[in-house]
Amino acid sequence: MSEAHLTMGAHAAPPMEERPFAIPSKKLAMWLFIMADVMTFGACVVVYAFTRNATPEWPRPFRSVTNVAVMTLIMLTSALTMLMALRAAKMADKAKAFRWMMITAAGGVLFTLLHIRDWMGMMSQGVSLLQNPWGPAAFGAAFYSITGFSLLHISVGTIALIAVAIRYQGGRYNADDIEIVSIFWQFVGLVWLFIVPVVYLMNVAR
Amino acid sequence: MATAEGHGIGKYVAVYLCLLVVMALQFFIGYQNIAGSALVVRMLTFAVIETILVVLFWMNLGSEKPLFIKFIVFFTGFVLLTLNYGWTDSFRLLLFRLTGFGPS
């Protein structure tokens, strides 16, 4: 029985159910959000696979995936630097945690710029939402929607990283808040690890 | 909420190196002349390995209570599996487009 219960004496409310997951509310909320987001991304990937499979002569336009390889390396490295920030925050090393978070955010900005560069390359080849030079019109819509959704997550994640880092530096947030944003950042990185094979590597020009 | 406490950075770096190796293999396979279904199976197998590594060690799900892990895995897995229920209909559409044989 909790201390609060004992002090309340005979007028105590019935005992509350024990928390089955033993997990803080903010962290549970982030995991629930991630579960919902997994469903959204899952639907995107399934629709992409459906469209690709149902469309004869689906284009394989990617002659070089060097840009994508660099983006992947940046994403994985920024996920690691985020963990460095989390570890520093758990050890109450505020300056170090802030520095690692800013390095992670820089990775996010660089990733976003390279992603836009990738899009510009596709647009210069005539790929739009409704048409492309290779035939099936659905290709452009599928490509931009699935990569765009990922780009949106990474951009928002980068802004969240900077905001949390500044508030952590100012003493308004603590290591628990960094752990929450870390879980989200690892998730967006994981989504990218699915997008690379499904969208790019299975459509390499041969 | 001290799931990362007590762990060295070594575990994170080891996972990072594993992920780099798996990604390199994926890029290598992407450039091989492998038929459609075999390519899909290989790519998804590698992606699942990456998911397990990231979720367990980088998102620290492995440090949570077993009941919470079961909750996440069961509900997410269930929805992802049921999402694929309608996917096989694309084979019917493909066959219809290629042969012209199907519903009018």
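Which residues of helix 2 of chain B are buried? In this predicted model, local features need pLDDT of at least 70, side-chain atom pairs count only at pLDDT 80 or more, and totals for chains, interfaces and linings use all residues. Residues are numbered from 1 along each chain as its sequence is written, while chains are lettered from A and ligands numbered from 1 in the order in which they are written.

The buried residues of helix 2 of chain B are Met43(B), Ala47(B), Glu50(B), Val54(B), Val55(B), Phe57(B) and Trp58(B). Here a residue is buried if 20 or more other C-beta atoms, placed from the backbone, lie within 10 Å of its own (exposed if 12 or fewer, partly exposed in between). Helices are DSSP runs (H or I, at least four residues), as are strands (E, at least two), numbered from the N terminus. The buried residues of helix 2 of chain B pack against helix 1 of chain B, and also against helix 3 (66-90) and helix 6 (175-200) of chain A. With 23 residues, helix 2 of chain B reaches 32 Å from first C-alpha to last, close to the expected 33 Å at 1.5 Å a residue; that expectation is 1.5 Å times one less than the number of residues. After the helix comes Asn60(B), with a positive phi near 60°.

The wider contact between the chains takes 42 residues from chain A and 43 residues from chain B, two residues being in contact if their C-beta atoms, placed from the backbone, lie within 7 Å. On the chain B side, helix 1 (9-30), helix 2 (36-58), helix 3 (66-83) and helix 4 (89-99) each supply at least two residues. This side divides into 31 nonpolar, 7 polar and 5 charged residues, where Ala, Val, Leu, Ile, Met, Phe, Trp, Tyr, Cys and Pro count as nonpolar, Asp, Glu, Lys and Arg as charged, and the others, Gly among them, as polar.

Turning to the partner, chain A has 6 helices and 0 strands. Its C-alpha trace spans about 75 × 40 × 25 Å along the principal axes. Of the 206 residues of chain A, 37% count as buried.

As for confidence, the predictor gives the complex an ipTM of 0.86 and a pTM of 0.87. Chain B averages a pLDDT of 84, on the predictor's scale of confidence in each residue from 0 to 100. Among the elements of chain B, helix 1 has the highest mean pLDDT (94) and helix 4 the lowest (72). Over residues 1-6 of chain B, pLDDT stays under 50. Where pLDDT is low, the predicted coordinates should not be read in detail.
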